[in-house]
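Reader: Hey, could you walk me through this model before I set anything up with it?

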Amino acid sequence: MRRADIDPNLERALPHHGNRHGRSERARQAVLRAADDLLVERGFAGVTIEAIAAKAGVAKQTIYRWWASKTDVLMDAYLEDAAEDLTPPDRGELGCDLRAYLRGLAMFLVRSDPGEVFKALIGQAQHDPDVAAAFRGRCIGEQRDRDRLPLERAVTRGELAHDLDLDTAVDQLVGPIYYRVLVTGQDIDPAFIDALVDGFLRWAEAAEPMDPNERRAGRA
């Protein structure tokens, strides 16, 4: 969630009309913002339910009514931000769509608070099987759907072959970005993104099935 000043008396000051689950939406948002901020300030180990409650101005019991653990809070915070910030643009042309989307993804991972949450959850998942299972089940599927969307649109427009392996295409496009973010720490500049997109477009063009008439002409 975005950084914001949080009223320390939030829970006492706001009427808890809640939604159909009995939650106060403003208090819920305050909890998610607090978890984000604490993660950036203190790292994963420094985030506790007690600290989240104090920063958000709510009682611990309020948090435990909604979430089982701090990891669940962080995942909800990440999912909301990713849905808002990582929805692929539709500019009507695959190359433009991919360049815009991949640049946005790189900025999100490297320079935003939600990107820090993502990296912390990835790190925790390496030695906590429960976190790994929850992260893959809740976060990765949604992200893969977003990653596929520019390609699916391109298939509909006829820019990509209908039988192109989209999962392999997604790996080819986003894999190098995650590798730099999580492993090497190298910069991800516009030239790097352009090279990724240009390489993918060449690969996709070569992978497109040849029209039978063209195949026969090639043998002539």
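Author: Sure, we can go through confidence, a helix pair and the cavity.

Reader: What's the mean pLDDT of the protein chain?
Author: This is a predicted model, and the chain averages 86, with 84% of its residues at 70 or more.

Reader: And where is confidence lowest, and where is it highest?
Author: The low end is helix α1 (residues 10-13), with a mean of 38, while α6 is at the top with 97.

Reader: Which residues stay under 50?
Author: Residues 2-22 do, and the model has 37 contacts for them beyond four places in sequence. Residues 212-220 do too, and there the model has one such contact. Where pLDDT is low, the predicted coordinates should not be read in detail.

Reader: OK, switching to packing. How do α5 and α8 sit, parallel or antiparallel?
Author: Their axes are 11 Å apart and the angle is about 5°. Angles under 35 degrees count as roughly parallel, so α5 and α8 are roughly parallel to each other.

Reader: Which residues meet there?
Author: From α5 (residues 70-85), they include Met-75, Tyr-78 and Leu-79, and among their partners in α8 are Phe-135, Arg-138 and Glu-142. The residues of that contact divide into nine nonpolar, two polar and five charged.

Reader: Now voids. How many cavities of 30 Å³ or more?
Author: The count is one, and the space inside is about 40 Å³.

Reader: What lines it?
Author: Leu-98, Tyr-101, Leu-102, Asp-147, Leu-151, Val-170, Leu-173 and Val-174. The elements giving two or more residues to that lining are α6 (94-111), α8 (129-157) and α9 (166-184).

Reader: How does the lining divide into nonpolar, polar and charged?
Author: Seven are nonpolar, none polar and one charged.

How values were computed: Residues numbered from 1 in each chain as written. Predicted model: local features only at pLDDT ≥ 70, side-chain atom pairs only at ≥ 80, totals over all residues. Heavy atoms only, no water. 1 Å grid on protein atoms, 1.4 Å probe; cavity = no way out; pocket = protein on both sides within 12 Å on 5 of 7 lines; lining within 4 Å. Points joined across faces, edges and corners; volume = space filled by probe spheres on them. Helix = DSSP H or I, 4+ residues; strand = E, 2+ residues; numbered from the N terminus. Nonpolar A, V, L, I, M, F, W, Y, C, P; charged D, E, K, R; others polar. Axes fitted to C-alpha atoms, helices over the stretch in contact; angles between N-to-C directions. Parallel < 35°, antiparallel > 145°, perpendicular 65-115°, else oblique. Contact = heavy atoms within 4.5 Å. pLDDT = per-residue confidence, 0-100.
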